[in-house]
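Biologist: I would like to walk through this protein with you, from its overall make-up down to single residues. Could you put it up on the screen?

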Amino acid sequence: MLAVARDHAQPPRAHPHGLAAAARHFAVPVGVFDAAKGLVPVLVFAPRVSSSELFALVCGLMAVLGHVFSVFVGFRGGKGVATAAGVSAGIDSVTSSRMT
């Protein structure tokens, strides 16, 4: 049964796939772009709408879900690790700036 599941597995569409491809020089820009997809909603868009940290967290969560279940590839996307790292960095900077 494990062999059957492995035969139908989809390759990852984000940073690890770019790293495994022949053109390895695309891996770093893809990872940076994926992290920016999580960082920008938290640091740029959320503060324009609300000053709530919870709203920034929800914006980041929606960015990760939009990456994992992308409408452009039939609701199958990447793993969301780099996007979640960008959200984490954004939330960290939002909460640390409010503590000072």
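Modeller: Here it is, and please keep in mind that this is a predicted model. Of its 100 residues, 24% count as buried.

Biologist: Thanks! How many helices and strands are there in the protein?

Modeller: From the N terminus on, the elements run α-α-α-α-α. The count is therefore 0 strands, since a strand needs a DSSP run of E of at least two residues, and 5 helices.

Biologist: Let us turn to charges. Which residue forms a salt bridge with Asp34?

Modeller: A search of the whole structure finds 1 salt bridge. Its closest N and O atoms are 3.2 Å apart, and the cut-off for such a pair is 4 Å. The partner of Asp34 is Lys37.

Biologist: Where do Asp34 and Lys37 both lie?

Modeller: The two are 3 residues apart, about one turn of the helix. That helix spans residues 27-49, and its name is α3.

Biologist: And is Asp34 buried or exposed?

Modeller: Buried means under 20% relative accessible area. Lys37 has 32%, so Lys37 is partly exposed. Asp34 has a relative accessible area of 6%, so Asp34 is buried.

Biologist: Now for the empty space. What volume does the largest pocket have?

Modeller: Rolling a probe the size of a water molecule over the atoms shows where empty space is left. For the largest pocket, the volume comes to about 180 Å³.

Biologist: Which residues that line the largest pocket are the closest to its centre?

Modeller: There are 10 lining residues. One of those closest to the centre is Lys37, the residue that forms the salt bridge with Asp34. The full set closest to the centre is Lys37, Gly66, His67, Ser70 and Gly78.

Biologist: By class, how many residues in the lining of the largest pocket are polar?

Modeller: Gly counts as polar here, which matters for Gly66 and Gly78 in the lining. The nonpolar residues number 3 and the charged ones 2. The polar residues number 5.

Biologist: Which helix gives the largest share of the lining?

Modeller: That share is 3 residues. They come from the helix of residues 53-68, which is α4.

Biologist: Gly78 caught my eye in that lining. Is Gly78 buried or exposed?

Modeller: Gly78 lies in the loop between α4 and α5. Its C-alpha atom is 9.8 Å from that of Leu65, 13 residues away in sequence. The relative accessibility of Gly78 is 12%, and under 20% means buried, so Gly78 counts as buried.

Biologist: What about the surface: how much area does the nonpolar patch have?

Modeller: Its members include Leu54, Leu57, Val58, Leu61, Met62 and Leu65, as well as Phe69, Val71, Phe72, Val73 and Phe75. Met62 lies in helix α4, and so does Leu65. The area of the patch is about 1100 Å².

Biologist: Why can Met62 and Leu65 belong to such a patch, and what is the relative accessible area of Met62?

Modeller: A patch residue needs over 30% relative accessible area and no salt bridge. Leu65 is partly exposed at 36%, so Leu65 is over that cut-off. Met62 is partly exposed too, with a relative accessible area of 48%.

Biologist: Phe75 is also in the patch. What is its phi near?

Modeller: Phe75 has its place in the loop between α4 and α5 (81-99). With a relative accessible area of 54%, Phe75 is exposed. Its phi is a positive value in a residue other than glycine, near 60°.

Biologist: One last stop, at Glu53. What distance separates the C-alpha atoms of Glu53 and Ile91?

Modeller: Glu53 has its place in helix α4 and is partly exposed, with a relative accessible area of 35%. Along the chain, Glu53 and Ile91 are 38 residues apart. Their C-alpha atoms are separated by 7.8 Å.

Biologist: And what separation do you find for the C-alpha atoms of Phe55 and Val42?

Modeller: Phe55 lies in helix α4 and counts as partly exposed at 30% relative accessibility. Val42 is 13 residues from Phe55 along the chain, and their C-alpha atoms are separated by 8.6 Å.

Definitions and conventions: Residues numbered from 1 in each chain as written. Predicted model: local features only at pLDDT ≥ 70, side-chain atom pairs only at ≥ 80, totals over all residues. Heavy atoms only, no water. 1 Å grid on protein atoms, 1.4 Å probe; cavity = no way out; pocket = protein on both sides within 12 Å on 5 of 7 lines; lining within 4 Å. Points joined across faces, edges and corners; volume = space filled by probe spheres on them. Helix = DSSP H or I, 4+ residues; strand = E, 2+ residues; numbered from the N terminus. Salt bridge = Lys/Arg side-chain N within 4 Å of Asp/Glu carboxyl O. Buried < 20%, exposed > 50% of the residue type's maximum accessible area, 1.4 Å probe, protein only. Patch = residues over 30% accessible without salt bridge, like charges linked within 9 Å, V, L, I, M, F, W, Y side chains within 5 Å. Areas by Shrake-Rupley, 256 points an atom, 1.4 Å probe, with all protein chains shown as cover.
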